[in-house]
Amino acid sequence: MSGTVLRWTRTGLGAAVTQQRADTAAARPPLPLSLRLSRDGHHVGQADPEGLALLGPGDVTGLDERQVRGWWPPPDSTGVSASDLAHVELADPAAPWLVTPFGPDPDGNLIPWLALVVVPQAQATLTGGGALLTLETPGSELPPWGTLHAWAHVHIADPAVDPDDPAALRAALARPGAATARLLCPRRLRAETTYRAALVPTFAAGAHAALGILPVPATAAPAWSNTPDPVRLPVYVSWRFTTGEAATFEDLALALRPATGADAVGAARRIAVDRPGRSLPAADPLPIGGALRVGAVPAAPPYDPTALRAEQASTIDIPTPTWGDWHAEPDTAGAPPRWLAQLNEWPPHRVAAGLGAAAVRAHQEQLMAAAWEQAGQWAEADEQLRHAQTALATGLRVHAARLAPLTAVPGLLLQLAGPAAARLKVAGDAPRSLAGRITGSCLPLAVLSVPARRMFRPEGRPARRAAALHDGFLDRGALLRRYAAGQPTADPHAAPEQISTPQPMTQSVVGLEPHLAAAVAAWQDNETRAAAPPACTAAELDALADLTAQALHPAAPLTARVRARLDPAGSPVTEAAPGTRISRLRVGPRFDVPLVDLLLEQGTDWLLPGAARLPDDRLVLAEPDAAFIEAVTVGANHEWSRELLWRRFPAERGCSSFTRFWDRHTGAGSAAARGDMPDLTAWHGELGDHLDPAARSAVLLARGRLFRDHPDLVVYAHRAVDGPSGVRPADTRDEAAWQAAVRPAVLTGRIAPDIRLFGFPLGTAELRGGPDDPGWFVVLAEPPTGTRFGLAADPAGEPPRTWADLSWADVTLTGGNLDPTAAPAVAPAAGPAWAARSDVLAAVLRRHPFRLFLHADRLLP
């Protein structure tokens with residue numbers, strides 16, 4: 001047990017009680033008090049008053065329930081392991097011995113003045129009528145009074161406290177919450193039985209005082225004897241619980257086995273297409289799986305979809321539905337996305353889409369009611385979209401009139417955007433500002449500045465003087481191209497081999513076009529020659545101009561701004577693809593319901609074929625079938641769009657209301673909170689390419705009593721490492737190591753009360769590992785419900801190696817209670833020696849949460 005355990009503790013004058021334990025001892029212990037008399041600091045005498053006594057158990061008539069810090073089992077709990085011992089924790093570590101009327105015995109043990117008793121409900125009569133309830137039960141149902149000292153101890157949470165250091169002990173006991181008192185009941189529980197647990201006084205004086213029975217005994221006589229005679233005890237605190245079967249978490253976990261091929265779990269079924277109807281030709285049976293699969297995808301027989309295509313295009317009869325045709329967005333060439341044909345031309349995928357549609361039809365009224373509840377937020381969204389569309393139309397008109405003509409001359413467009421070069425974000429392999437793309441090239445940023453633009457304008461004085469001197473006009477495009485190539489010169493008569501690279505224009509006017517340089521030099525009356533420049537990289541002027549034109553187009557930034565306003569988690573706005581125009585934004589309801597829950601209503605085999613036939617106490621690792629999941633999602637959204645149209649609901653046709661398939665644990669605002677896949681209008685790849693990588697995680701399907709009796713068990717993946725005798729779990733001694741080695745389950749589900757599924761953020765191949773990768777363990781851990789005590793239900797079949805292996809068959813019972821005075825016949829060599837001491841028994845009987853480690857390779861085919 002972590003921390004320090006004491007057999008008992010007393011504070012104040014109670015620590016001075018020296019009266020020896022005896023049934024005839026006084027209920028109020030005498031106080032051996034000696035007074036030292038002094039005057040003006042000088043000792044003048046000593047007095048030993050007689051008749052002083054401390055309060056005893058007969059002076060207690062109740063207990064503040066706020067003293068109870070915890071209990072096991074919890075009140076009104078069911079399915080409690082019959083191998084556990086009940087206990088209660090008190091906030092005051094000295095409370096159980098506060099009014100005990102005598103001191104410790106020669107062995108250092110001290111009987112507490114109150115105890116925890118557990119009695120079968122059938123043997124307990126609880127009545128009221130006073131300040132406290134009264135428990136009436138045969139004395140034989142209670143623990144032996146003389147051993148009560150073994151079932152009360154003090155637990156100090158700090159393991160560094162030295163029990164032999166009185167000062168350290170006093171400091172630890174004085175800190176609030178640092179120590180607790182714990183009372184155990186040694187009763188061996190029976191399976192499938194309801195019990196009454198009660199905190200009662202252990203001395204007759206305390207029982208009489210609390211029940212109002214006079215006279216109150218003046219001696220420290222016990223409150224009960226272990227005879228069949230009925231005993232009436234006041235109840236300070238009481239609760240009830242019911243046990244389940246005797247098996248512990250460990251027993252149930254060790255009974256689990258990996259599923260085998262004989263269990264026929266995950267085997268694909270086949271659908272008959274020999275009589276498809278209409279004009280469709282017959283074909284061989286085709287395999288169909290579920291949302292999960294075990295092992296590789298089975299090879300599919302050939303199937304000719306030509307007739308099916310014609311049937312879908314038929315205008316004479318009611319055509320076969322084309323699943324997802326309202327959501328499919330064509331590519332830039334106008335061609336439909338590849339997934340649309342793959343879904344509609346393969347019958348198993350069409351069946352999966354039909355399952356999604358059936359799930360929506362089964363809940364259409366509830367979904368429609370939820371959609372109307374969301375409709376309020378669309379008014380604001382729709383208004384913002386209309387304003388944005390108006391702004392876009394205006395921006396496009398201005399762009400067409402003012403900016404579009406400049407795109408023919410790259411230099412003009414770049415000079416126009418020059419003042420905003422540091423803020424203008426342009427696309428590319430690594431999106432950055434226009435200034436960032438120009439920096440380091442031969443094109444100086446000064447050429448794009450406002451002073452340079454004024455200098456270069458055709459009506460400017462330098463340009464006019466250059467034209468007058470050289471009988472021509474200034475070609476700004478050619479000038480910038482020479483700058484971009486690193487070829488301008490300050491000498492109009494310089495030979496080509498004398499051309500130098502440009503210098504910053506903030507220093508001088510060198511590096512301009514020859515005739516402009518002459519004009520500027522004449523205007524400034526300052527002839528300047530270029531110095532030897534450093535080497536530079538030629539700037540791609542046309543590419544820079546194209547990127548600038550894209551960045552200045554109003555559609556992209558305006559659409560991004562609208563998306564930022566209308567795209568919180570749960571927004572009804574969707575778009576055909578990231579960055580598309582506002583006219584492609586769509587408004588419709590969104591539902592957070594996982595489609596897997598609706599799919600299971602169609603049958604558990606649609607999750608994993610054969611899941612319902614998984615034998616008891618079996619485990620199997622599967623992986624998602626992305627194509628099947630996407631087909632179900634398309635069918636659900638397709639049917640929902642039809643339903644919205646039929647109900648004349650104010651929503652855009654083709655909105656993606658269902659994008660969540662699994663019940664994944666994600667934080668609000670995270671990407672997964674929006675769904676397991678993007679909106680259908682953003683699908684442009686193969687069927688099965690759009691499922692989020694986190695939604696492709698390996699899934700553990702488990703069946704057994706463990707999952708029914710312990711629904712709160714913890715399941716996670718633990719990294720394996722190579723050890724001297726094989727793979728072992730990685731160390732998790734600190735928080736950083738734990739974060740590196742452990743991956744909690746990110747999705748959960750329940751197929752039946754005893755069939756659970758858990759998904760990990762790892763694929764099956766990663767879990768299995770390889771020649772240079774030891775892989776991962778799947779861990780089933782008992783939940784850390786606090787401190788628990790007990791013994792194993794069944795013997796391990798071999799001598800116990802540690803006290804954790806000790807079973808109820810190895811110990812002695814007296815009247816149904818564990819006898820602390822009788823040591824087990826075979827005791828483990830490790831750990832403390834058995835003794836009738838509360839600190840020793842606390843260490844021996846402490847139950848640590850059990851964890852079962854199974855390497856993923858054992859769970860995969």
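This briefing covers one strand, one helix and one helix-helix contact in the structure above. The model is predicted. Strand β11 spans residues 179-184, and 6 of its 6 residues are buried. Helix α9 is mostly covered. Helices α7 and α18 cross at roughly 70 degrees.

**Strand β11 and its partners**

- All 6 of the 6 residues of β11 are buried, so the strand is largely enclosed by the rest of the structure.
- Both faces of β11 are covered. On one side, Ala 179, Ala 181 and Leu 183 are buried. On the other side, Thr 180, Arg 182 and Leu 184 are buried too.
- Strand β6 is made of residues 87-90. It pairs with β11 in the antiparallel sense, over 4 bridges.
- Within that topic, look for Glu 89: its bridge partner in β11 is Arg 182.
- Strand β10, residues 152-156, also pairs with β11. The sense is antiparallel, and there are 5 bridges.
- Val 154 has Ala 181 of β11 as its bridge partner.
- Arg 182 and Ala 181 thus appear twice here: each is a bridge partner, and each is a buried residue of β11.

**Helix α9 and Pro 410**

- Helix α9 covers residues 410-417. Of its 8 residues, 6 are buried.
- The buried residues are Pro 410, Gly 411, Leu 413, Leu 414, Gln 415 and Ala 417.
- Pro 410 lies in this helix. Its relative accessible area is 10%. Buried means under 20%, so Pro 410 counts as buried.
- Which residues does Pro 410 touch, leaving out those up to four places away in sequence? They are Arg 481, Leu 541, Asp 542 and Ala 545.
- Leu 480 is 70 residues from Pro 410 along the chain. Their C-alpha atoms are separated by 8.8 Å.

**Helices α7 and α18**

- Helix α7 holds residues 364-374, and helix α18 holds residues 626-646. Their axes come within 12 Å and cross at roughly 70 degrees.
- Angles of 65 to 115 degrees count as roughly perpendicular, so α7 is roughly perpendicular to α18.
- The crossing of α7 past α18 is right-handed.
- From α7, the contact uses Gln 364, Leu 367, Met 368 and Ala 371. From α18, it uses Trp 640, Glu 643 and Leu 644.
- An α-helix has 3.6 residues a turn, so residues three or four places apart point the same way.
- By type, the residues of this contact divide into 5 nonpolar, 1 polar and 1 charged.

How values were computed: Residues numbered from 1 in each chain as written. Predicted model: local features only at pLDDT ≥ 70, side-chain atom pairs only at ≥ 80, totals over all residues. Heavy atoms only, no water. Buried < 20%, exposed > 50% of the residue type's maximum accessible area, 1.4 Å probe, protein only. Helix = DSSP H or I, 4+ residues; strand = E, 2+ residues; numbered from the N terminus. Pairing = 2+ DSSP bridges. Contact = heavy atoms within 4.5 Å. Axes fitted to C-alpha atoms, helices over the stretch in contact; angles between N-to-C directions. Parallel < 35°, antiparallel > 145°, perpendicular 65-115°, else oblique. Left-handed = near helix turned anticlockwise from the far one by under 90°. Nonpolar A, V, L, I, M, F, W, Y, C, P; charged D, E, K, R; others polar.
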